[in-house]
Each structure stands twice: as structure tokens, then as C-alpha cells.
Amino acid sequence: MRKLVVILFAIICQLSCNDKEKSIIDDEYNFKKIDSENLKKLHKLKKEFQKTKLIRNDSIIELSFTKDYYIESKNKIGESFYTHYSYNKNNHLINTISTTFKDMPVGFEKWFDENGKIVKSVNHDENYRFSIYELIKQIKKSHNINLNDNTMLQGIERKFDKKLNKFVYYVRYKLSKSDLKFIILDGQSGQIIEEGMSQIII
């Protein structure tokens with residue numbers, strides 16, 4: 001019986017690994033190239049890290065370049081989710097892709113080889129069953145605060161809190177020019193653990 005359990009466990013692990021490998025091999029961004037219109041805009045920039053912005057459909061696109069890469073950041077108007085791409089300058093193929101909410105990494109971050117084929121993927125949401133989308137809805141409902149509003153939100157991060165021994169969200173938003181409200185939420189359930197006031201240090 002014990003031998004059978006071990007064999008079944010090994011099979012499950014193998015299937016899981018195969019699914020993971022397949023998802024990497026079949027990644028939708030494999031061999032993606034930079035948009036030709038964006039490339040034309042980039043060629044007009046004179047120096048590294050110089051930026052240009054354009055609006056296309058319902059999104060704002062920011063472009064720049066470094067010595068080896070073209071950089072593109074994209075977000076929908078009125079939202080604070082940003083998708084960041086880097087492309088190899090020599091062949092215009094994708095090098096990395098990541099997503100942030102404000103400055104906080106969310107979703108998958110992916111790395112590609114020089115041929116544009118995915119080689120590594122990290123899920124930043126892995127320890128947060130309560131998603132960033134659920135967080136936005138909850139804070140809007142409970143505190144009438146729109147986390148997509150950059151004029152109010154002072155900061156948002158998520159991390160492992162050693163004192164609480166759990167993964168948490170930490171949200172700070174402005175009440176006035178000098179006062180901040182902070183809220184700490186459980187990363188698994190979304191339950192509010194603590195909230196209070198602090199001051200903006202100028």
C-alpha cells in the first residue's frame with residue numbers, strides 16, 4: 001500500500017512538472033517583437049533613458065531605451081496597472097515582461113533568451129490568494145477609496161510580516177496634506193488586520 005502511494009505521488013509530481021514546462025514552452029509571448037510604430041518613435045529619441053509618451057486607443061505608452069534594450073511601459077487610462085516590456089535592440093525580440101500595480105510587482109514576471117523564447121517565469125501572486133483586484137474592490141467598498149487614484153494613494157506593498165507570521169498587504173493613502181491612513185490586510189483572506197493614522201513627513 002505504501003509503495004502504491006509513493007508511485008501515485010511520483011506520477012502526480014511528474015504531471016505537474018510537465019504542465020509547468022508545457023506552459024513555459026507554449027507561452028503566448030514567445031518570439032514577440034516590438035511594435036513597428038513604437039520602434040519608429042524610439043528611433044527619434046536622441047539619448048539613453050530619454051522618454052516619449054503616446055496615447056493609443058485607451059492606453060498610455062511610454063518608450064525609452066538603454067544601451068542594449070528598448071523599454072516599453074503601458075497602462076490603461078485611469079488605471080494603475082502597468083505592463084513593462086524590454087526588447088533586444090539587435091533583433092527587436094522580447095527580453096522581459098512584467099506587471100506592476102503602482103510600483104508593486106503583480107502577476108507573472110518572465111524572462112526570454114536571445115531568440116525570444118521563454119526561459120524563466122515567476123508568479124508574484126503565489127502567496128496571495130486574495131488578489132489585487134479583490135483588494136481594489138474591497139477598499140472601494142469599505143473605505144470609499146479608489147486605489148487607482150494616484151492623487152490619494154501614497155503607497156501600496158505586500159510582503160511577509162514576521163511579526164504577524166503571514167503575507168500581508170500594506171496600503172497607505174492621504175486624508176489631508178499632512179495625514180495618512182494605513183490599512184494592513186491578510187494576503188490570504190483579505191481580512192483587515194489593523195488600520196490607523198500616521199503623518200506625512202516633509
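1. The side chains of D125 and R158 meet in a salt bridge, with 2.5 Å from N to O. D125 sits in the loop between β7 (118-123) and α3 (132-143), while R158 belongs to strand β8 (residues 153-161), so this pair ties together parts that lie 33 residues apart in sequence. The model in which this contact appears is a predicted one, and the points below should be read with that in mind.

2. The two partners of this bridge can also be described by their accessibility. R158 counts as buried, because its relative accessibility is 13% and buried means under 20%. D125, at 29% relative accessibility, counts as partly exposed.

3. A further salt bridge joins the side chains of R56 and D35, at 3.7 Å from N to O. This pair, too, links distant parts of the chain, since R56 is in strand β1 (residues 52-56) and D35 is in the loop between α1 (2-25) and α2 (36-43), 21 residues apart. R56 has a relative accessibility of 28% and therefore counts as partly exposed, and D35, with 32%, counts as partly exposed as well.

4. Which side chain meets that of E37 in a salt bridge? The partner is K40, and the N to O distance is 3.4 Å. E37 and K40 are three residues apart in helix α2, which means that about one helical turn separates them. E37 counts as partly exposed, at 42% relative accessibility.

5. Beyond such pairs, K51, K53 and E62 are linked with one another in a network of salt bridges. The count of salt bridges in the model comes to eight.

6. Turning to the strands, an open sheet of seven strands follows the order β1-β2-β3-β4-β5-β6-β7, and the pairing is antiparallel. The strands β1 and β7 stand at the edges and have a single partner strand each, so one side of each is left without a neighbour in the sheet. On average, neighbouring strands of this sheet are turned by 15° against each other, direction ignored.

7. The β1 edge can be followed in more detail. β1 is joined by five bridges to strand β2 (residues 59-65), and the two strands run antiparallel. Within this pairing, R56 stands opposite S59 in β2; R56 is also the residue whose side chain meets that of D35 in a salt bridge.

8. Where do the helices α2 and α3 lie relative to the strands? Helix α2 lies across β1, β2 and β3 (69-76), and runs at about 50° to β2. Helix α3 lies across β4 (81-88), β5 (94-101) and β6 (104-112), and runs at about 150° to β4.

9. The largest nonpolar core has 19 residues, and those with the most contacts inside it are F101, I132, L135, L147, I156, Y169 and V171. At least two residues of this core are supplied by each of β6, α3, β8, β9 (166-174) and β10 (179-186). Helix α3 gives the largest share, which is four residues. Apart from this core lies another one, of 15 residues, and L42, I61, Y70 and Y87 are among them.

Notes
Residues numbered from 1 in each chain as written. Predicted model: local features only at pLDDT ≥ 70, side-chain atom pairs only at ≥ 80, totals over all residues. Heavy atoms only, no water. Salt bridge = Lys/Arg side-chain N within 4 Å of Asp/Glu carboxyl O. Buried < 20%, exposed > 50% of the residue type's maximum accessible area, 1.4 Å probe, protein only. Pairing = 2+ DSSP bridges. Axes fitted to C-alpha atoms, helices over the stretch in contact; angles between N-to-C directions. Contact = heavy atoms within 4.5 Å. Core = buried A, V, L, I, M, F, W, Y, C linked by side-chain atoms within 4.5 Å.
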